[in-house]
Amino acid sequence: MTDIVDELQWRGLIALSTDEDALRKAFADGPVTFYCGFDPTAPSLHLGNLVQILTMRRIQQAGNRPLGLVGGATGLIGDPKPNSERTLNSPEVVAGWVERLRGQIERFLDFEGPHAATMVNNLDWTSGLSAIDFLRDVGKYFRVNKMITKEAVARRLNSDAGISYTEFSYQILQGMDFLELYRRYGCVLQTGGSDQWGNLTAGTDLIHRVEPEADVHALATPLITKADGTKFGKTESGTVWLDPERTTPYAFYQFWLNADDRDVSKFLRIFSFRSREEIEELEKLTEERPQARAAQRALAEELTTLVHGADQCAAVVSASKALFGQGELTELDEATLRAALSELPHAQVTELAPVVDLFAEVGLAPSKSAARRTVKEGGAYVNNVKVAAEDAVPARDDLLHGRWLVLRRGKKNLAAIEVTAA
């Protein structure tokens with residue numbers, strides 16, 4: 001197998017490392033027990049978290065043992081936000097989110113065999129810890145002058161909002177996590193995003209103070225950026241979540257399918273488990289025939305299958321094709337169709353109207369007269385059937401699942417009409 005450090009470097013997944021040569025030796029001498037932490041600050045993980053989960057998966061596949069930490073304790077506090085204090089959630093809410101995130105992470109790791117993963121919760125070693133013990137046994141090893149140089153802390157100290165002692169203490173808690181996992185499981189590596197570097201090194205520094213002979217490491221992945229300047233993992237409708245109730249599998253698929261040609265190579269390397277040869281071939285196809293979007297389709301199908309399963313991926317691929325006339329809309333199940341149409345411009349009406357009125361209502365044509373011209377020129381479709389007459393009115397039988405019409409102008413301009421009860 002390719003050296004895991006070389007593999008991570010080729011994929012652009014190493015931004016910072018405490019000592020790359022020492023880490024490479026640790027992997028060679030392996031197996032390495034490592035961990036990555038996820039705080040339950042929402043009821044679902046998102047695409048930014050997926051970078052960390054899949055990095056864990058890669059390192060495990062290289063023959064190492066992962067610990068997936070969901071922060072039942074740190075989630076009650078939250079790491080410092082850039083500009084303001086976090087709203088603290090109740091213990092009951094955080095506990096519920098811990099279980100949801102745990103279930104999401106578990107799908108990506110292998111819990112059997114010699115390198116079986118283990119899920120842990122830092123509430124297990126903090127809930128019974130007194131404030132005095134915390135200050136005496138852990139806090140005494142941290143130096144305030146160094147703590148205030150951490151980027152997140154320094155930014156807040158220089159803001160009008162300042163920073164509370166609660167959020168200031170977050171790095172101590174995360175550092176204690178690494179120490180506890182080192183003691184309990186022999187964990188010697190913590191991974192995370194580069195924006196967490198101060199918290200990652202808080203752990204290595206603490207272990208070196210408490211256990212001077214320990215050989216421990218931190219590795220950070222880079223912040224992912226998009227060529228167009230927009231934030232990775234965001235769409236017009238908001239964050240792309242892993243929970244299908246918050247981001248539908250169809251919307252998830254479309255996120256990857258719509259990736260900019262300038263970004264798709266980077267996304268393939270970071271997220272795909274295809275071989276270097278396969279990825280380089282897809283990169284070549286993007287250069288030679290970008291209109292085919294072969295790389296985007298491969299990435300969308302792989303990630304949708306990985307996150308939502310093969311059946312859901314097949315359903316959204318069928319929906320994506322059917323919307324553009326390459327499949328039967330009537331064969332789509334109601335949930336998939338609803339999810340697909342929610343991503344389109346849409347309008348609600350209480351009764352059926354002439355097609356030209358519907359085209360104007362939903363914005364596929366700027367006016368009814370423009371809609372008539374579209375019909376006359378043969379560019380108007382309802383449920384993939386060309387509209388022949390300017391005065392055509394859809395029938396009740398045309399409604400998909402008794403509710404929807406799919407309108408199309410030309411080959412690519414789509415919209416949806418939902419007929420609701422008056």
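This report describes a five-stranded sheet, the helices lying across it, and one pocket in a predicted model.

## The open sheet

In this model, five strands make up an open sheet of mixed pairing, and their order across it is E9-E13-E12-E10-E11. The edges are occupied by strand E9 (346–349) and strand E11 (385–386), each of which has a single partner strand, so one side of each is left without a neighbour in the sheet.

The partner of E9 is strand E13 (residues 413–419), and the two pair in the parallel sense over four bridges. Within this pairing, His346 stands opposite Ala416 in E13.

## Helices across the sheet

Helix H17 (residues 334–342) lies across E9, strand E12 (404–409) and E13, and runs at about 45 degrees to E12. Helix H18 (residues 355–362) lies across E9, E12 and E13 as well as strand E10 (380–382), and runs at about 80 degrees to E12.

## The second largest pocket

The second largest pocket holds about 1400 Å³ of space, and its lining is made up of 40 residues, of which Tyr250, Gln254, Leu257, Asn258 and Glu343 lie nearest the centre. By residue class, the lining divides into 14 nonpolar, 13 polar and 13 charged residues.

Several elements contribute to this lining, with at least two residues supplied by each of strand E7 (234–235), strand E8 (238–239), helix H12 (249–257), helix H13 (261–271), helix H16 (310–323) and E13. The largest share, five residues, comes from H12. Strand E13 therefore belongs both to the open sheet and to the elements that line this pocket.

Definitions and conventions. Residues are numbered from 1 along each chain as its sequence is written. This is a predicted model: local features need pLDDT of at least 70, side-chain atom pairs count only at pLDDT 80 or more; totals for chains, interfaces and linings use all residues. Side-chain values use heavy atoms; hydrogens and water are left out. Two strands pair if DSSP finds at least two bridges between them. Contact means heavy atoms within 4.5 Å. Axes are lines fitted to C-alpha atoms, for helices over the stretch in contact, and angles run from 0 to 180 degrees between N-to-C directions. On a 1 Å grid over the protein atoms alone, a cavity is a set of points where a 1.4 Å probe fits but cannot get out, and a pocket is an open set with protein on both sides within 12 Å along at least five of seven lines; lining residues have an atom within 4 Å of a point. Grid points are joined across faces, edges and corners, and a volume is the space filled by probe spheres set on the points. Ala, Val, Leu, Ile, Met, Phe, Trp, Tyr, Cys and Pro count as nonpolar, Asp, Glu, Lys and Arg as charged, and the others, Gly among them, as polar.
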